[in-house]
Amino acid sequence: MNFLGNITIGQYVPRDSFLHNLDPRTKIIFNLVLITVVFLIKNFYQYAFFGGVILVMMVLSRVPLSHYFRGLKALWMLIALTVVFQIFSGGGHVMYSFWVFKITDVAVYNTVFITLRLVFIILAASVLTLTTSPIRLADGLESLMRTFRVPKEWSHDFSMMISIAFRFIPVLAIEAEHVMRAQLSRGARFDRGGLIQRAKGMIPLLIPLFVGAVRMADELAIAMEARCYRGAEGRTKYKQLNLKKSDCAFIIASFAMILVVILPL
Amino acid sequence: MTVNKTKKLTIIGVFSAMAVVLMLVEIPIPQLLGFKYDPSDIAALLVGFMIGPIPGILTVLIKDLLYFAIRGTDVVGIFMNAAAGSMLVGFSALFYRKRKTKTTAVVSLSLATLLLVVGMDALNMLVYPPYLKVSYMFIFKNYLWVITIFNLVKAIVDGFVTFLIYKKTSNVFKLEAWKTTNRKWRSSEK
């Protein structure tokens, strides 16, 4: 178990590009639309079109392409599983067969189709997470929630909790590392035995961690109240989100993508 | 026991951060292809037991959102994880809130495990055939047992560990909450 090493691989790549400077709300809407649309794709012409769209996005983001492929590599198991599911699903004419396995043309078509769908969805999600920092994402979500008439109090609390959580991830990762080292030096074992053995081994790690977390939360609450924190009412923002012309154009363009799928081609 | 709002906010925030850290642990289970066990739901279960079902579900949602933001994995997998976590945490916390005893804790965790297994089977049957374009029979025959066993093992381990560590964590929580709500705590402490 290595807590710190995992954390430092955060997704966000700070750059100064068109996509980075877009409003987070725009990017969230664009992503939602794109992912929905990818599910509705019916033929390979549409795939070519959306492949082009995603490629343009990847170039516009000015993030090295290797970052996108890293995201794909992390999910190779899912992709491989899908391919295995599809390739033997049968139907149509047999193209190739050995022993009990038969590979048919319909199966090959389906395999390519579904794998592309999976890859497109992962790439689309990467475009969002590589160009938007989690804090901006939380801000965008908060203001989107307000657009959909979620009470201000709730949306504010939600984004506050996300900000707290995001800020505490590295702190708790360091804490976890310390507790683990301390318990290892006392002879605890974390990575041996079956699942039950491991679950039991986690207990000396988890109790100090959670007790520490409760203490941290308590100190944070006291510090916030000492600075007169009282929720959403009367609170203003340092960085205001406002939609620019490019954002509006982008949103319109993303809704136009729905037409491409719905209209018969 | 009443907990003030800022305290609830910070507890949910810090525990979701804890859940994200634990989610990165990822113990692979080689027998079940591709599935990885992560102890993150324990943190959400603790919040659910300490404060209530809605904060527990919020913890799960924030955890998945942040995990998506720092890892950028596939959307459907994250959605399934959120659904599974909300089912487990929401139901067990709702049941436990009425009578807080050890027996209710065990009963609520077992019932929530059953609900999780049945619910996730149903949800997988609903989502995966159209998503991966395979027949319902195929998923039912070849894949459903993997999902069932995985969720069963996950929920049992989570419940077991939560049951063992809940009391120790909540004692500290109650003490700290009592300190902040009772302004005269200094005079009553030795």
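## A buried charged group in chain B

In this predicted model, a salt bridge joins the side chains of B:Lys154 and B:Asp41, with a nitrogen-to-oxygen distance of 3.5 Å. The pair links distant parts of the chain: B:Lys154 belongs to helix α6 (residues 136-181) of chain B and B:Asp41 to helix α2 of chain B, 113 residues apart. Both B:Lys154 and B:Asp41 are buried.

B:Asp41 has a salt bridge with B:Lys63 as well, and here the closest N and O atoms are 3.1 Å apart. This pair also links distant parts of the chain, since B:Asp41 sits in helix α2 (residues 40-50) of chain B and B:Lys63 in helix α3 (residues 53-71) of chain B, 22 residues apart. Are these two residues buried or exposed? B:Asp41 has a relative accessibility of 1%, so it counts as buried, the cut-off being under 20%. B:Lys63 is buried too, with a relative accessible area of 1%.

## A salt bridge between the chains

Side chains of opposite charge can pair when their charged atoms come close. Over all chains, the whole structure contains 8 salt bridges. One of them is formed by the side chains of B:Lys5 and A:Glu153, at 3.5 Å from N to O. B:Lys5 is in helix α1 (residues 5-23) of chain B, and A:Glu153 is in helix α9 (residues 152-185) of chain A, so this pair joins two chains.

How accessible are the two partners? B:Lys5 counts as partly exposed because its relative accessibility is 40%, which falls between the cut-offs of 20% and 50%. A:Glu153 is partly exposed as well, at 46% relative accessibility.

## A buried lysine without a salt bridge

Chain A offers another case, A:Lys27, which is part of helix α3 (residues 24-40) of chain A. Which side chain of opposite charge is nearest to A:Lys27? It is that of A:Asp247, 8.0 Å away. A:Lys27 is buried and yet has no salt bridge. A salt bridge needs the side-chain nitrogen to be within 4 Å of a carboxyl oxygen, so a distance of 8.0 Å does not qualify.

The side chain of A:Lys27 does have a polar contact with the side chain of A:Thr132, at 3.4 Å. Leaving aside residues up to four places away in sequence, A:Lys27 touches A:Leu19, A:His20, A:Leu22, A:Leu128, A:Thr131 and A:Thr132. A:Thr132 therefore appears both in the polar contact and among the residues within the contact cut-off of 4.5 Å.

## A buried asparagine in helix α6

B:Asn151 lies in helix α6 of chain B. It counts as buried because its relative accessibility is 5%. Not counting residues up to four places away in sequence, B:Asn151 touches B:Leu116, B:Val117 and B:Met120. How far apart are B:Asn151 and B:Gly48? They are separated by 103 residues in sequence and by 19 Å in space, C-alpha to C-alpha.

## A nonpolar patch on chain B

Which residues make the nonpolar surface patch of about 310 Å²? They are B:Phe95, B:Val107, B:Leu111 and B:Leu114. Helix α5 (residues 102-132) of chain B gives the most to this patch, with 3 residues. B:Leu114 is found in helix α5 of chain B. B:Leu114 is exposed because its relative accessible area is 54%, and exposed means over 50%.

## The two chains as a whole

Chain B holds 7 helices and 2 strands, in the sequence order α-β-β-α-α-α-α-α-α. It has 190 residues, of which 59% count as buried. Among its contacts with a separation of 6 or more, 70% are between residues 24 or more positions apart. The accessible surface of chain B is about 8100 Å², and carbon and sulfur atoms account for 69% of that area.

Chain A holds 11 helices and 2 strands, and from the N terminus on they run α-α-α-α-α-α-β-β-α-α-α-α-α. Of its 265 residues, 46% count as buried. For chain A, 75% of the contacts between residues at least 6 apart in sequence join residues at least 24 apart. Its accessible surface is about 14300 Å², with 65% belonging to carbon and sulfur atoms.

Definitions and conventions: Residues are numbered from 1 along each chain as its sequence is written. Chains are lettered from A and ligands numbered from 1 in the order in which they are written. This is a predicted model: local features need pLDDT of at least 70, side-chain atom pairs count only at pLDDT 80 or more; totals for chains, interfaces and linings use all residues. Side-chain values use heavy atoms; hydrogens and water are left out. Helices (H or I, at least four residues) and strands (E, at least two) are DSSP runs, numbered from the N terminus. Buried means under 20% relative accessible area, exposed over 50%, partly exposed in between (1.4 Å probe, protein chains only). Accessible areas come from the Shrake-Rupley method with a 1.4 Å probe; for residues, only the protein chains shown count as cover. Patches are made of residues with over 30% relative accessible area and no salt bridge: like charges are joined within 9 Å, nonpolar side chains (Val, Leu, Ile, Met, Phe, Trp, Tyr) within 5 Å. Lys and Arg count as positive and Asp and Glu as negative; His and the chain ends are not counted. A polar contact is a pair of N or O atoms within 3.5 Å; within protein, one must be able to donate a hydrogen and the other to accept it, and residues adjacent in sequence count only if both atoms are side-chain atoms.
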